Amino acid sequence: MSQTVVGKIASVSLKNFVTYDSAVFYPDEYLNIILGPNGTGKSAIVAGIILGMGGHCKLLSRCENIDSYIKNGKDSATIRISIYSNQKRHVRWFSRSFDHNKSDTFEIDNVKVTARAYLEQIRTFNIQVDNLCQFLPQDRVQDFTKMNPCDLLVNTQASVCSAEMQQWFEELKSKRDTQLKNTSQQENEAGRIHELEARLADLQQQLESIRVRGEFEKQIDVCLARKAWLEYEELFRSYTSTMKDHNLAKKSFEEKERAYMRCKSDMAAILKRKEELEKALAQQLSIAQRSTEEINTLEEKSERLEDSIGKQKRDLQDALAKADERRTELDEAKVMLGAFVQDCADAAATLGSEEEVRQKIATLESQDVKIRNENELLMSRRQELNQKIDSDIKPEMMSIQRSIDTIENVASMRLKILQTRFPGTYQAVMWLRDHTHLFRGKIYEPMILELNVPVAENVPFLENTIGVRDLIAFTCECTEDMNLFLKKIREEMRIEGVNAMQSDPADELHYKPRHPISSMRRFGFHTYLIDTLEGPFPLLNGLCKLYGLHNIPIGGPESAKYVTSLPDDIAIFFTPTNRFQLSKSRYSGEKSSRSDLLRPRNLLNRSTDHTLLAERRQQLQRLVRECDKIRNHRGQIENQIKELQEKRAERMADIRALQEELSKYQQTKLKVRRQQQKCTELAQRLVNVDTEKAKFERSCRTIIEQLLETQRRKIDALGRYATASMQHEVLQERLRIFQEENNEMESNYRLVEDAFQSAKRTLANVEKVFDRVKEKTNAKNTEARALTKNKAPDKPDFPFRNEFATLPDTLEALESHLDELRVRFECLPEGNQAAAEEHAQKQRQVEQLKATMTHSAQTVASLERDMAKLHDQWYPEMLRIVQNINTKFSHFMSTMGFAGEVELIRNEERDYNEYGIRIFVKYRNAEKLCALDRKLQSGGERAVAIAIYTLSLQHMTQVPFRCVDEINQGMDPTNERKVFNMLVDETCREGQSQYFFVTPKLLPRLRCNDKMNVVVVHNGKFIENPDVFLSSNRA
């Protein structure tokens, strides 16, 4: 038994998983080739292994939810994998079940465990389903080339190196990170210490400045105290002088007050008599003013009464004039009435009978109604014709025109599809249209723009035959043009997904079918695929060369019955719904067929159907003719409508003439009636002259009586005014005599009063000054005592006696000395009061940081020693492994006619996060070695490099099994054969790990080995028993 059997897969069981109801897979110990057509479930086996080994569904890049892998119509799925656990081939069972309710259950040997415990047990076998060097699913082949060198080193190391080496590498990266962190911390601490020491020097200067400022501040306080006591002494002297002034002012005030009081009693009697005279004088003046106002009022009333008499006279004159006007107007109205009566008689004689005129009008109106009905009938007919044109014919014409425009506008629609689904190819088309002058020959745009399928039903046949990459490929007539075009697009413009093919110039189709279509009609075929296609001949020749379109027949549903009867060289044919692929066994000679439903890709369905286009144009011409016919008929109807409208206009003119004559007669009769009514009203409005004169006499009598009463009241008021005026003059004379007799006494009183008021103001001012000086003196005494600890200089225990003795005795000299001290004080920098506390704190921080720096330096040195030891263990071994991989990789690549190298790269020796593995390849002699990059190499070239690299790891891998899925897709047959042969040689050697190679096809006559196990996967509704694929001897 091999010593490498531990960890290899013994069996894989799938239940209700993807396409399987139930399936069990028993792989062999070495190379297992899983072969089968697309869609049969090969990748499902790989997915089952990854998920069964605890992998996440995101590793498969197909869907994000694991329940998507449950077979349609089933509620849950189960994966069971058995793994060899020891050299005696004992197995451990790993089971994983999940359902649509997001329940995910893990079991080991039929015992439920947590997901974490499940993964830990799998890791004990060094199984790494997330390592692309061990597992490379179909959908993650491109992810391999996306790995940076660092990721490739980690995955390679996990695949081929021991766990101890991986641990060394992780420790190196961890210690390097710790070392960088400590070094950075040490640098930060050194900078911090420098800052703190600078701050300490500054704080020391601040402390010295604070001490000197304190001494000056104390001297200033003593000077301020001395100044306060000197100011107090000066204020006390001022207080004594002010108190003397206050006593003199008070004595003068008292003398003036006594003299004022004596004069005041004598003056009171004089003032009383004067007041009585002034009061009587004001009373007489008031009586005179009231009398004057009454006289003025009575005069105004008299004037109004006189005006009323004048108004009554004017009203009488107006009434008499109005009576004359109305009499004249009545006479004129009677004259007009006679004229209107004569006009009415003349109109009646001209008109005749009014009833006959009305009958004529009725007859003409009935004729007009008939004409109007005929006109409306013709108008309705014209409206029907217009509606038929607008509602039926024109919409149909517009619809057909839009259909024609749509058919003729296929190119722009296809270009829009190209822009939406293949933006890189669209950019290349736009560039080519602007740069055709760079190429010698013709370069055709992608086939979906150049080809035309006239019959839409034939589109699915072509889309299921020609690959999408070829449908969007450019076709070049010259190989040099193709190389130049691809270089411009891929390398210079960096546009991905652009393909090109070469086809020689041609003006006819060079390929003919092997069997004429007439000989194929007996099988139900009616045409070949090439006959359904229109396009440039170089494109058609290229498609015939690649796909053999000239030998692919198209038939009806009955063609499927003749599979076994068809000629042997017919490999592919189509029915309306299926694509059939025929193959013949090299051993038994029996034919086998594969049928696939046609899947639309919606790339060529926008084609120009010339038959439909001609049919639509014929329909449009027919509708135009029909529209012209209707318009001619509508013109005849419009002529008839015009004739009827002219007849109706004549009838309407006759009716209007009769109506005007009748209206004129009726208006004349109406004028007579109105004039008679006007005469009646004028007769009623005549004015009575006698009545107006009597009314005037009564009004004047009443006004004259009121005027006489007003004059009597005016005479009484004049009498009162004369009496009051005489009394007023008498009182004025008495007051004048009284004032002349008492003027001298009043003047003396005023002088005494002014002297008294002056003394009073002087006393008040002196009291204010005295109070202010007293208040200042007390305040200054309090201030001075506060500055000298409440002690006076004349006390024996005065604390500043010695200091005061050295200071000047005058305020001016003391102020000068104080200013000098203040200037010196302010010249000193102001210190921070918290500087002493901050100085002690910073000193402690400096000591702590120095201790921390010492510890960090020791840690960095210790880490450097540890890393040097680990590096000497890991790096030579890793370099040896990469050199072995490089030897294998270079050998394999040179065997295939290519060149390649694998290199261990790094920046700095200790920068372990930048260590990586880089793959270099060269596929052409004119090229240089280039790093493997998805932007530089084609898909097939990348697939070759990935396959060779994984094979280079096989001889030294540490994992129990490896798996690659469809990595040969995209390789040309030569490279695929070489890669497969190397795979067989490398994986079938004794002691190699288990290998799963999944592919939908294999080339014929490949190398075989006894350690190979080929598993063919078939699927479909017609397979009832897997034993049908076993030969009778083996059964």
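**Salt bridges, strands and a long helical span in a predicted model**

The structure on the screen holds 25 salt bridges. Keep in mind that this is a predicted model. I will go through some of these bridges, then a set of strands, then one helical span and one pair of residues.

I start with helix α6, which covers residues 354-408. Two salt bridges here are worth looking at. In one of them, E384 pairs with R381, and the closest N and O atoms are 3.3 Å apart. Both residues sit in α6, three residues apart, which is about one turn of the helix. Are they buried or exposed? E384 is partly exposed, because its relative accessible area is 43%, and R381 is also partly exposed, at 35%.

The other bridge in this helix joins the side chains of D390 and K394, with 3.7 Å from N to O. D390 and K394 are four residues apart in α6, again about one turn of the helix. D390 has a relative accessible area of 46% and is therefore partly exposed. K394 counts as partly exposed as well, with 35% relative accessibility.

Now a bridge that is not within one helix. R910 forms a salt bridge with E864, and the closest N and O atoms lie 3.1 Å apart. What does this pair tie together? R910 is in the loop between β17 (899-905) and β18 (916-922), while E864 is in helix α19 (residues 835-895), so the pair links parts that are 46 residues apart in sequence. R910 counts as buried, because its relative accessibility is 13% and the cut-off for buried is under 20%. Its partner E864 has 31% relative accessibility and counts as partly exposed.

There is also a network: K8, E29 and R89 are linked by salt bridges. R89 takes us to the strands, since R89 belongs to the hairpin of β4 and β5.

Please look at strand β4, residues 76-84. Which strands does β4 join? On one side of the account is strand β1, residues 9-17, which runs antiparallel to β4 and is joined to β4 by six bridges. Within that pairing, V12 stands opposite I81. Then there is strand β5, residues 91-99, which also runs antiparallel to β4, with nine bridges between them. Here A77 has F98 in β5 as its bridge partner. The hairpin of β4 and β5 has six residues between the strands, and R89 takes a positive phi near 65° there. A general point to remember when you look at strands: in a regular strand the side chains alternate between the two faces of the sheet.

Next, the record. The unreviewed UniProt entry places the feature "coiled-coil region" at residues 186-213, 274-333, 613-685 and 728-776. Take one of these spans, residues 274-333. In the model this span is 100% helix and 0% strand, and its end C-alpha atoms lie 88 Å apart.

Last, a residue in helix α4, which runs over residues 149-160: V154. How far is V154 from Y915, in sequence and in space? They are 761 residues apart in sequence, and 9.4 Å apart in space from C-alpha to C-alpha. V154 touches F169 and K173, leaving aside residues up to four places away in sequence. V154 is partly exposed, because its relative accessible area is 34%.

That is the end of my part.

How values were computed:
Residues are numbered from 1 along each chain as its sequence is written. This is a predicted model: local features need pLDDT of at least 70, side-chain atom pairs count only at pLDDT 80 or more; totals for chains, interfaces and linings use all residues. Side-chain values use heavy atoms; hydrogens and water are left out. UniProt positions are given in the numbering used here, feature names are shortened, and annotations may be inferred rather than shown by experiment. Helices (H or I, at least four residues) and strands (E, at least two) are DSSP runs, numbered from the N terminus. Two strands pair if DSSP finds at least two bridges between them. A salt bridge is a side-chain nitrogen of Lys or Arg within 4 Å of a carboxyl oxygen of Asp or Glu. Buried means under 20% relative accessible area, exposed over 50%, partly exposed in between (1.4 Å probe, protein chains only). Contact means heavy atoms within 4.5 Å.
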